[in-house]
Amino acid sequence: MEVDREDGRTATMLRPLACSRSVLNRAHGSASWSQGDTKVLAAVFGPKAGTKKTENPEKASIEVIWKPKTGQIGKLEREYEMILKRTLQSICILTINPNTTTSVIIQVVNDDGALLPCAINAACAALVDAGISLKHLAVAICCCLAETGCVILDPTKQEEQKMKAFVYLVFPNSVLSVQVSVPTNAEPMEHGIITSVTHGAMSVEDYFYCLKSGRAATAKLSNFLRSRLQNRLPSDLLADT
């Protein structure tokens with residue numbers, strides 16, 4: 001099913017991507033990430049000695065601080081912090097610097113849709129820029145379900161507000177690790193999933209279609225991210241597909 005989008009994109013087309021690293025002088029690592037008019041800055045500080053609250057002799061901890069464009073942080077931003085923290089914890093090798101804390105600061109520059117996926121992509125790029133050891137790179141995308149049943153990718157803010165439901169998906173650039181069988185006549189597929197967060201109501205079939213569409217689109221995101229970070233990536237992360 002086709003859908004008319006105000007910016008002329010097809011349902012599965014992403015907005016123009018932009019990424020720069022080492023954009024902040026005082027941070028140990030930093031990156032900016034843009035998708036269309038949505039732009040986020042990410043800064044990494046650490047690893048630094050852990051506090052009593054975060055002390056763990058066996059592994060490091062990740063701290064995420066979300067800074068909105070204007071105003072105070074609210075319930076939604078707290079949720080974003082939690083999702084981002086769990087996502088980053090799953091891709092970082094936390095046993096290398098035990099009893100330390102790495103802080104990731106997210107600064108929203110502009111929100112025109114798919115804000116959390118942009119922040120996750122920016123944070124991943126900033127971690128690489130800081131030299132933090134990762135199990136693999138990760139790329140995030142937002143998939144939306146319209147009232148008509150059509151699935152669109154990388155929505156603008158205006159499109160998000162019209163959607164019946166949407167899901168944030170984060171995939172690794174590594175060997176697929178989770179096997180999921182689609183409850184249709186289709187062949188079983190494998191999907192490596194780091195994070196999956198849904199808002200609104202969608203059927204199981206719609207969810208798996210979002211999963212399939214999102215996974216296909218992340219190939220472009222993965223290639224773009226690796227191209228921007230190439231001289232900072234270890235050879236094993238460059239080789240991941």
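## The hairpin of strands 2 and 3

In this predicted model, strand 2 (residues 29-35) and strand 3 (residues 38-49) form a hairpin with 2 residues between them, and G36 in the turn has a positive phi of about 65°. The two strands run antiparallel and are joined by 7 bridges, with S30 standing opposite A43 in strand 3.

Strand 2 also pairs with strand 1 (residues 17-21), again in the antiparallel sense, over 5 bridges; in this pairing A18 stands opposite S34 in strand 2. Strand 2 is largely enclosed by the rest of the structure, because 7 of its 7 residues are buried. G29, A31, W33 and Q35 point one way from the strand, whereas S30, S32 and S34 point the other way, and all of these residues are buried.

## The sheet and its helices

The hairpin strands belong to an open sheet of 5 strands, arranged in the order 1-2-3-5-4 with mixed pairing. Strand 1 and strand 4 (61-67) are the edge strands, each pairing on one side only. Ignoring direction, neighbouring strands of this sheet are turned by 15° against each other on average.

Helix 1 (residues 75-91) packs on the sheet, where it touches strand 4 and strand 5 (100-110), and its direction makes about 150° with that of strand 4. Helix 2 (residues 115-129) likewise packs on the sheet, touching strand 1, strand 2, strand 3, strand 4 and strand 5, and the direction of helix 2 makes about 150° with that of strand 2.

## Cysteines without disulfides

A search of the whole structure finds 0 disulfides. C142 is in no disulfide, and the nearest cysteine sulfur, that of C144, lies 3.9 Å away, which is outside the 2.5 Å cut-off for such a pair. The sulfur of C210 is 5.1 Å from the closest cysteine sulfur, in C143, and is therefore too far away for a bond.

Both C142 and C210 count as buried: the relative accessible area of C142 is 1%, and the relative accessibility of C210 is 0%.

## Y209 in helix 4

Y209 is found in helix 4 (residues 204-229) and, with a relative accessible area of 45%, is partly exposed; C210, by contrast, is buried at 0%. Although Y209 and V151 are 58 residues apart in sequence, the distance between them in space is 7.9 Å, taken from C-alpha to C-alpha.

Technical notes. Residues are numbered from 1 along each chain as its sequence is written. This is a predicted model: local features need pLDDT of at least 70, side-chain atom pairs count only at pLDDT 80 or more; totals for chains, interfaces and linings use all residues. Side-chain values use heavy atoms; hydrogens and water are left out. Buried means under 20% relative accessible area, exposed over 50%, partly exposed in between (1.4 Å probe, protein chains only). Helices (H or I, at least four residues) and strands (E, at least two) are DSSP runs, numbered from the N terminus. Two strands pair if DSSP finds at least two bridges between them. Axes are lines fitted to C-alpha atoms, for helices over the stretch in contact, and angles run from 0 to 180 degrees between N-to-C directions. Contact means heavy atoms within 4.5 Å.
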